[in-house]
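Subject: Structure handover

Hello,

Here is the structure I promised to pass on. Please look it over first, then read the notes below.

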Number of protein chains: 2
Amino acid sequence: MAYDPSAFEPFAVTVDLVVLTIRDDELCVLTVERGEEPYAGRRALPGGFVLPDEDLETAALRELAEETGLTATDVHLEQLRTYGAPARDPRMRVVSVAHLALAPDLPTPQAGTDAAAASWVPVSSVGPLAFDHDEVLRDGLERARAKLEYSPLATAFCPPEFTIGELRRVYEVVWGVSLDPRNFHRKATATPGFLVATGERTNRQGGRPAELFRRGEAIALLPPMNRPAPHS
Amino acid sequence: MAYDPSAFEPFAVTVDLVVLTIRDDELCVLTVERGEEPYAGRRALPGGFVLPDEDLETAALRELAEETGLTATDVHLEQLRTYGAPARDPRMRVVSVAHLALAPDLPTPQAGTDAAAASWVPVSSVGPLAFDHDEVLRDGLERARAKLEYSPLATAFCPPEFTIGELRRVYEVVWGVSLDPRNFHRKATATPGFLVATGERTNRQGGRPAELFRRGEAIALLPPMNRPAPHS
DNA sequence: GATTGTTTTCGTCGTAATGACGATAAGCCT
DNA sequence: AGGCTTATCGTCATTACGACGAAAACAATC
């Protein structure tokens with residue numbers, strides 16, 4: 001980095017959030033409704049400015065807490081991609097560091113200060129969003145779908161203890177496919193480090209009571225889960 | 001994004017580059033030597049400010065051309081990650097959008113304007129770099145190694161036409177393993193869309209002449225290449 | 001209380017993919 | 001010619017995977 005002070009130009013830096021959860025067997029994204037121009041009335045991804053002394057991830061966590069009341073212990077958060085097209089915001093030069101957050105379906109309503117405008121929208125029926133947020137959402141969905149294959153990230157959509165059936169539902173909803181329960185059970189339990197049995201059982205799904213599992217310590221899934229071609 | 005003008009604070013936005021190539025069977029990264037404080041005398045990743053009307057990728061390509069003379073048609077370029085710790089640059093608040101570039105080993109010396117200070121360093125012996133560039137390089141290497149598994153990206157290290165043996169060397173050098181030539185040949189030629197035979201042969205490797213291939217149209221490798229545990 | 005329905009969980013079976021390795025081909029060098 | 005190198009084709013045993021059958025263990029209903 002050869003800094004030439006004469007070349008320095010100020011940019012605004014923001015974080016935008018793609019927050020995904022599963023509600024009623026549908027993949028949903030958190031959106032806010034814009035009140036001001038540009039794109040007044042449109043839905044947009046939540047986000048805001050990075051404060052002068054704030055880390056990028058800290059800013060993302062702060063925005064996440066403001067919109068949903070979720071904290072770092074509740075959600076998986078990772079940086080997604082940075083969007084910086086010169087005209088992406090007509091008012092000024094804004095570079096936005098998008099983050100991807102995956103949260104379980106909390107029974108808690110969306111607490112938080114300005115949560116009034118925030119709402120979950122199924123990704124299948126989310127209209128055109130403000131700014132370049134359609135592209136951001138598309139990239140976030142792609143990342144989430146890909147990461148389910150080779151990481152234990154699907155557990156981020158589940159409560160701390162969950163059944164294999166609930167985990168399978170996550171894969172089915174996020175990928176938009178239907179998976180064989182028997183093969184999925186075999187694969188999930190055979191993948192080392194993916195799941196830890198608790199020894200307890202639950203029958204909250206109806207049917208035969210299922211064993212409860214916790215997330216294992218594995219960072220990556222070996223072998224990975226195989227994603228079939230879409231369409232159930 | 002609820003813009004509150006009072007919260008707006010100017011940031012400097014830069015692009016940093018992790019440019020990788022393979023020279024003499026070693027994975028090398030492009031570095032520049034810093035002349036000024038901070039970190040004067042240290043090596044650093046090439047990079048520079050994003051211009052006021054410039055896209056992020058355009059800025060990365062411009063810096064790449066300035067340092068190496070390489071153009072978009074020669075290299076693979078993708079965004080890597082954004083680094084924005086408040087104190088990562090002691091002079092001012094700098095947010096850096098790091099990019100990963102993979103280039104074939106061009107016989108052309110590093111042309112370009114200020115290429116004098118730029119040089120290839122084997123990643124195995126690269127000392128501590130300036131700023132947080134050690135972390136950036138680590139992330140770039142991890143990304144490159146992972147992408148060789150499920151994308152045809154290894155071809156970015158090769159000339160337009162290459163042999164299976166040359167391609168295998170890429171995998172071996174980047175992953176730091178040794179692969180069975182027979183199994184690799186079977187897998188590479190069987191993966192649909194990975195390689196296109198040209199019909200021509202070359203004996204530039206010594207030994208029996210090998211068929212020349214071009215990169216296929218596949219975006220992803222199905223099934224992926226399998227990375228064995230390190231240590232050859 | 002027997003039946004129906006649901007979900008879980010354990011097996012089976014044929015096919016495909018994979019790793020280990022033998023063998024041959026086709027050039028170069030001495 | 002003989003040896004060395006790399007490329008390419010094949011074999012074989014093991015494993016992974018997709019498609020199913022079947023039993024287990026509950027709830028709801030007749």
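Start with His133(A), which is buried, with a relative accessible area of 0%. (Buried means under 20% relative accessible area, exposed over 50%, partly exposed in between, with a 1.4 Å probe and protein chains only.) This is a predicted model, in which local features need pLDDT of at least 70, side-chain atom pairs count only at pLDDT 80 or more, and totals for chains, interfaces and linings use all residues. Residues are numbered from 1 along each chain as its sequence is written, chains are lettered from A and ligands numbered from 1 in the order in which they are written, and side-chain values use heavy atoms, with hydrogens and water left out.

His133(A) sits in helix 2 (residues 133–150) of chain A. (Helices are DSSP runs of H or I with at least four residues, strands are runs of E with at least two, and both are numbered from the N terminus.) Its side chain makes a polar contact with the side chain of Asp16(A), at 3.2 Å. A polar atom of the His133(A) side chain also lies 3.0 Å from the backbone nitrogen of Leu45(A). (A polar contact is a pair of N or O atoms within 3.5 Å; within protein, one must be able to donate a hydrogen and the other to accept it, and residues adjacent in sequence count only if both atoms are side-chain atoms.)

Next, the two protein chains. The contact takes 44 residues from chain B and 43 residues from chain A. (Contact means heavy atoms within 4.5 Å.) About 3,500 Å² is buried between them, and carbon and sulfur atoms give 61% of that. (Buried area is the accessible area, 1.4 Å probe, that two parts lose on being put together, summed over both.) Across this interface there are 10 residue pairs in polar contact, both at pLDDT 80 or more. The side of chain B that touches chain A divides into 24 nonpolar, 7 polar and 13 charged residues. (Ala, Val, Leu, Ile, Met, Phe, Trp, Tyr, Cys and Pro count as nonpolar, Asp, Glu, Lys and Arg as charged, and the others, Gly among them, as polar.)

Gly84(B) lies in the loop between strand 5 and strand 6 of chain B. This glycine is buried, at 4% relative accessible area. Among the residues Gly84(B) touches are Glu54(A), Asp55(A) and Leu56(A), not counting residues up to four places away in sequence.

Now the DNA. Which residues come nearest to DNA strand C? They are Arg182(A), Glu211(A), Arg182(B), Asn183(B) and Arg186(B), out of 24 around the strand. (Near means that a heavy atom of the residue lies within 4 Å.) A polar backbone atom of Glu211(A) is 2.7 Å from a phosphate oxygen of strand C. The side chain of Arg168(A) has an N or O atom 3.1 Å from a phosphate oxygen of strand C. Arg208(B) reaches a base nitrogen of that strand, at 3.3 Å.

DNA strand D has 23 residues around it. Sugar and phosphate make up 51% of its atoms that come within 4 Å of the protein. Helix 4 of chain A gives the most to the surface near strand D, with 4 residues. A side-chain N or O atom of Lys187(A) is 3.1 Å from a phosphate oxygen of strand D. For Arg168(B), the corresponding distance to a phosphate oxygen is 3.2 Å. Arg208(A) has a polar side-chain atom 3.2 Å from a base nitrogen of strand D.

Best wishes
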